[in-house]
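Reader: I am new to this structure. Please take me through one part closely, then show me how it fits with the rest.

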Amino acid sequence: PHGGCWLLPASDDASVQIAQRQGALRRLGWRLLTSEAEVVLRLGNKAMLRDYAEQSSLLEFLPTHFDSAESATYPCILKSATGEFGKENQIVNSKEEVLQVAAEGLGAQWVLQELVPGHVEYSVSLLVKEGRILLALGTSYDCGREIFVWPHVRNVKVCPYTASDDELAVMSSFLAEYSGICNFNYKLRAGNRKMGIFEVNTRVGGDLACDVPRDEAKRFFELLDTLLEGAASSAGRSPCAGQVGTRGEWDDPLVIEPLGVHKYTLVYLHPFRIGLRDYVRKLGLFRTEGLRVVMPHAPKRHITCLGGQEQRSWYDYLSDENGDGEDEVDEATLAETRDYLSGLLDAERTRLREVAEGYDDRVLIGGCSQGCGVALDVALRYPSRLMGFVGVLGHPLSVTPRGQNLEFPLHFFNGANDKVMRWQWVEPMIAALTQSGHRTVVHGPLRGVHHGMQRDFEATCVRT
């Protein structure tokens, strides 16, 4: 193409093919917004979507899955694992009807799932960059009857729809590492309004192509164009420690809104390298009464001790002691991060002050592994009073000053089996805080806990 045309998939199979061939397609001049092929496939294939939801503790947002015709509750829905546009979807009322279609069993070809009643089905088209939803355009389809299967309906009432924050949070939890256009098809269950997601289409959907108001669709694709312009403006730059971490280059934080009224805020930092992808999948674990959780995303940096390899990191590592001691910290990149995080704390204090007078001191900060040390560094240098600190599987940094900001508690959760942050050298560093007058609260070292713990353990520490 001349001038750079967009290549956008109109089928799930095309989206996988584009992802697999993205390097060659870009060299030919095509403009793409795509992901790794395995990320695209696990969303677009209905059987793989169910497996992914199970691994990510998200099954509650899918219809109940039946492993066989014998175990199903009828009536239910039978659909092809790779079908599109509802062509092979059908309501089945008995085991015999299932076997008429899938004579050799369900296998990997067919999906048998609960029929979710409700006369309205929703389709929300999303523009997504690296797991972050940039724009959502929704459409509701009122079919006038409680039991139906798309597209076998007539006289459908079509209206624009605005997905709630809770619905967008659930969709976001499925989209870790995904970049591209996609749409979610779902119903909201009667009573609790919980989503029942039928499928995720990794392509331009019929809703965006035909039913979304044209000015909104125009806005959608204009935003897509700006993504490429932003990427082109930074192409060819070779970021170094001093170039990464400025305020303009930080991604938006992941925000988990509280259950009920906002009373407290925790700014929480992820570990080195991992980023937010796992937290997005498990965000429900961190949602609790009254607590707003703000999770910033560390920028990608070239790490000195890894030969310049690019990783998401709160600062540059100058040495790697392989768990035998503290790694050397680059103080310049740490200072950049501190400046950014102090700005986040300022914003959350302002937000709480608007909730109620005197609430601005109800801000906490914490983190896991590398995020723990950085959070403590910010906490002990921050000029205003904080409510507390929580550190999971981490340690104080040697460059962090002791003996100031003594008024709030410092909670540490450490593992007895941690081979990265070994208790034998972490303990004296925490003890030095206590000797300097800090209110340290040490939970552990906890038996059986190693550095690669599960997010549910981490969320329990945070809620404690």
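What is the relative accessible area of glutamate 328, and does that make the residue buried or partly exposed?

Author: This is a predicted model. Glutamate 328 has a relative accessible area of 44%. Buried would mean under 20%, and exposed would mean over 50%. Glutamate 328 falls in between, so the residue counts as partly exposed.

Now place it. Glutamate 328 sits in the loop that runs between strand S14 (309-312) and helix H11 (331-355). It has charged company. Together with Asp320, Glu321 and Glu331, Glu328 makes up a patch of negative charge on the surface. To join a patch, a residue needs over 30% relative accessible area and no salt bridge. Glutamate 328, at 44%, passes the area cut-off.

Stay in this loop. Asparagine 322 lies between S14 and H11 too. Its relative accessibility is 59%, so asparagine 322 counts as exposed. Its backbone deserves a glance. Phi of asparagine 322 is near 55°, a positive value in a residue that is not glycine.

Aspartate 324 is another resident of the loop between S14 and H11. It counts as exposed, with 57% relative accessibility. Aspartate 324 has a partner. Arginine 422 forms a salt bridge with it, and the closest N and O atoms are 3.9 Å apart. Arginine 422 belongs to the loop between strand S17 (409-415) and helix H13 (423-435), so the bridge ties together parts that lie 98 residues apart in sequence. Arginine 422 is partly exposed, at 23% relative accessibility.

Why can such pairs form? Side chains of opposite charge can pair when their charged atoms come close.

That bridge leads to the wider picture. The structure holds 20 salt bridges. One of them joins lysine 194 and glutamate 60, with the closest N and O atoms 2.8 Å apart. This pair links distant parts of the chain, 134 residues apart. Lysine 194 is in the loop between strand S8 (180-188) and strand S9 (195-201). Glutamate 60 is in the loop between helix H4 (46-55) and strand S1 (65-66). Lysine 194 is partly exposed, with 29% relative accessibility. Glutamate 60 is partly exposed, with a relative accessible area of 42%.

A local bridge makes a good contrast. Arginine 219 and glutamate 216 meet in a salt bridge, N to O, at 2.8 Å. Both lie in helix H8 (residues 214-234). They are three residues apart, about one turn of the helix. Arginine 219 has a relative accessible area of 37% and is partly exposed. Glutamate 216 is partly exposed at 25%.

Salt bridges can be chained as well. Glu257, Arg292, Glu348 and Arg351 are linked in a network of them.

Contact across the sequence shows up in backbone distances too. Isoleucine 274 and arginine 312 are 38 residues apart in sequence, yet their C-alpha atoms are 7.0 Å apart in space. Isoleucine 274 is found in the loop between strand S11 (259-269) and helix H9 (277-281). It is partly exposed, with a relative accessible area of 27%.

Back to the backbone. Asparagine 322 showed a positive phi, and glutamate 130 offers another case, with phi near 50°. Glutamate 130 is in the loop between strand S5 (120-129) and strand S6 (132-142). It is partly exposed, at 43%.

Look at the prolines next. Tyrosine 74 and proline 75 are joined by a cis peptide bond, with omega about -5°. Proline 75 is in the loop between S1 and strand S2 (76-80). Glycine 444 and proline 445 are joined by a cis peptide bond as well, with omega about 10°. Here the proline is in a strand: proline 445 lies in S18 (residues 439-446).

End with a helix, and with burial. In H14 (residues 455-463), the buried residues are Arg455, Glu458, Ala459, Cys461 and Val462. They cover an arc of only 155° around the axis, so they sit on the same side of H14. Set that beside the starting point: glutamate 328 is partly exposed, in a loop, within a patch of negative charge on the surface.

Notes
Residues numbered from 1 in each chain as written. Predicted model: local features only at pLDDT ≥ 70, side-chain atom pairs only at ≥ 80, totals over all residues. Heavy atoms only, no water. Buried < 20%, exposed > 50% of the residue type's maximum accessible area, 1.4 Å probe, protein only. Helix = DSSP H or I, 4+ residues; strand = E, 2+ residues; numbered from the N terminus. Arc of directions from axis to C-beta. Patch = residues over 30% accessible without salt bridge, like charges linked within 9 Å, V, L, I, M, F, W, Y side chains within 5 Å. Areas by Shrake-Rupley, 256 points an atom, 1.4 Å probe, with all protein chains shown as cover. Salt bridge = Lys/Arg side-chain N within 4 Å of Asp/Glu carboxyl O. Lys, Arg positive; Asp, Glu negative; His and termini not counted. Charge placed at Lys NZ, Arg CZ, Asp CG, Glu CD.
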